[in-house]
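This briefing introduces a structure to a reader who has not met it before. Please keep the sequence and the three-dimensional view at hand while reading the points below.

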Amino acid sequence: MKRAKKLIILPAVLMIAAAISLFIFTPYPAVWIVKRLFSMTHYSVAKNYESMQDKVLIKRNINYKSLYPDGLLDLILPKTDKKDKIIFWVHGGGYIGDDKKKVEPYMIMLAANGYPVISINYALAPKYRYPAQIKQIEEAWTFIKGFFNDEKVYFGGDSAGAQLTAQFVNIQTNPQYAKDVNETFADIKINRVIDASRIGGVILFCGPYNLKEFLHPKKDTMKLPYKQIGWAYFGTRNINDKKIEYSNIINRVDADYPPVFITDGNTHSFEHQAKELEISLKAKGVYVKSVFYSKDEALLQHEYQFNMDT
């Protein structure tokens with residue numbers, strides 16, 4: 001009987017040891033789990049969503065000629081009453097998952113109110129690592145800008161997409177930062193492809209803006225394997241790596257950063273980083289409109305803004 005028990009226990013121990021070693025030596029198991037969790041998350045739509053859909057024209061999966069996979073964008077256009085402002089959106093998903101399709105209902109709502117929307121996909125880590133995703137924002141804008149004239153562009157994003165957007169815009173408006181950050185890349189250069197005067201503003205929902213802390217998150221952050229996600233995105237676990245240092249824009253913005261709208265949930269998200277970025281921007285004289293709620297008003301989770309029935 002004892003021998004039989006040993007024969008049963010030994011394979012189980014070996015399997016556990018193998019699983020632990022996988023988490024130690026590669027980020028892929030954690031990435032796989034998180035991607036599955038993200039795929040099970042769905043946002044509620046507004047009650048009048050169907051009527052909004054009738055007000056827009058959608059052109060999906062336009063190839064924006066990227067050097068990397070998943071270089072597709074959607075154009076979501078108002079059928080009438082088109083405003084002279086464009087919204088360019090970058091979806092979230094921890095750099096490793098999700099798709100522009102998930103945020104489409106929100107983009108439809110914006111377009112139904114007169115705003116032409118460009119919503120992009122990009123290659124995901126760990127197969128395609130930083131800064132390929134920022135390069136794809138450059139590629140997508142370079143491709144699509146010929147579809148528009150002189151409209152003001154509002155770059156926006158949610159979660160990881162907010163961080164990607166914030167960093168991309170800082171490269172566009174801050175020459176010294178662009179130089180510093182490009183010097184950390186071996187073979188990819190992020191070019192300045194839009195005049196700063198054309199950027200009307202930046203819209204940031206629930207993003208992390210200090211990715212060094214992202215690898216060592218505070219207790220009130222979402223319960224995710226951030227060390228493995230950061231490893232997957234940057235290709236390193238060294239939090240002092242220059243790539244990680246320069247991805248943090250909180251202390252690297254200047255007075256030329258465009259006006260910002262910023263918000264975050266107050267539970268299991270990155271609210272403290274959003275507030276730190278707000279303080280840094282205002283100290284430089286940048287206009288910031290922030291929306292934060294106390295827990296006495298409501299407990300708002302990460303990406304709370306996409307639940308349109310509350």
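Which residues does Asn 210 touch, not counting those up to four places away in sequence? They are Asn 248, Ile 250 and Gln 273. The model is predicted, and the points below are grouped by topic, beginning with the setting of this residue.

**Asn 210 and its setting**

- Asn 210 is placed in the loop that runs between strand β6 (199-205) and helix α8 (211-214).
- Asn 210 counts as buried because its relative accessibility is 16%, and the cut-off for buried is under 20%.
- A polar atom of the Asn 210 side chain lies 3.1 Å from the backbone nitrogen of Lys 212.

**Nonpolar cores**

- In soluble globular proteins, nonpolar side chains tend to be buried together.
- The largest nonpolar core in this model comprises 73 residues, and Phe 88, Ile 118 and Tyr 257 have the most contacts inside it.
- Helix α6 (residues 160-173) makes the greatest contribution to this core, giving seven residues.
- A second core, separate from that one, has 19 residues, among them Val 103, Leu 110, Ala 112 and Phe 205.
- When neighbours within four places in sequence are left aside, the contacts of Tyr 257 include Ala 166, Val 169, Asn 170 and Thr 173. Val 202, Ile 249, Leu 281 and Val 286 are also in contact with Tyr 257.

**Ser 247 in helix α10**

- Ser 247 belongs to helix α10, which covers residues 242-247.
- Is Ser 247 buried or exposed? Ser 247 is buried, because its relative accessible area is 0%.
- Apart from neighbours within four places in sequence, Ser 247 is in contact with Tyr 130, Gln 163, Gln 167, Tyr 177, Tyr 209, Leu 211 and Phe 234.
- Ser 247 and Leu 164 stand 83 residues apart in sequence, while their C-alpha atoms are 8.9 Å apart in space.

**Nonpolar surface patch**

- Trp 32, Ile 33, Leu 37 and Met 40 make a nonpolar patch of about 430 Å² on the surface.
- Met 40 is situated in the loop between helix α2 (28-39) and helix α3 (49-53).
- With a relative accessible area of 57%, Met 40 is exposed, since the cut-off for exposed is over 50%.

**Cis peptide bonds**

- The peptide bond leading from Ala 125 to Pro 126 is cis, and its omega is near 5 degrees. Pro 126 is found in the loop between strand β4 (117-120) and helix α5 (132-144).
- Tyr 130 and Pro 131 are likewise joined by a cis peptide bond, with omega about 10 degrees. Pro 131 is located in the loop between β4 and α5.
- Tyr 130, one of the partners in that second bond, also appears among the contacts of Ser 247.

**Positive phi angles**

- Asn 61 has a phi near 55 degrees, a positive value in a residue other than glycine. Asn 61 is part of strand β1 (residues 56-63), and its relative accessibility of 45% is why Asn 61 counts as partly exposed.
- Ser 159, again a residue other than glycine, has a positive phi near 55 degrees. Ser 159 sits in the loop between strand β5 (152-158) and helix α6, and at 8% relative accessibility Ser 159 counts as buried.

Technical notes. Residues numbered from 1 in each chain as written. Predicted model: local features only at pLDDT ≥ 70, side-chain atom pairs only at ≥ 80, totals over all residues. Heavy atoms only, no water. Core = buried A, V, L, I, M, F, W, Y, C linked by side-chain atoms within 4.5 Å. Buried < 20%, exposed > 50% of the residue type's maximum accessible area, 1.4 Å probe, protein only. Helix = DSSP H or I, 4+ residues; strand = E, 2+ residues; numbered from the N terminus. Contact = heavy atoms within 4.5 Å. Polar contact = N/O pair within 3.5 Å; in protein donor to acceptor, adjacent residues only side chain to side chain. Patch = residues over 30% accessible without salt bridge, like charges linked within 9 Å, V, L, I, M, F, W, Y side chains within 5 Å. Areas by Shrake-Rupley, 256 points an atom, 1.4 Å probe, with all protein chains shown as cover. Salt bridge = Lys/Arg side-chain N within 4 Å of Asp/Glu carboxyl O.
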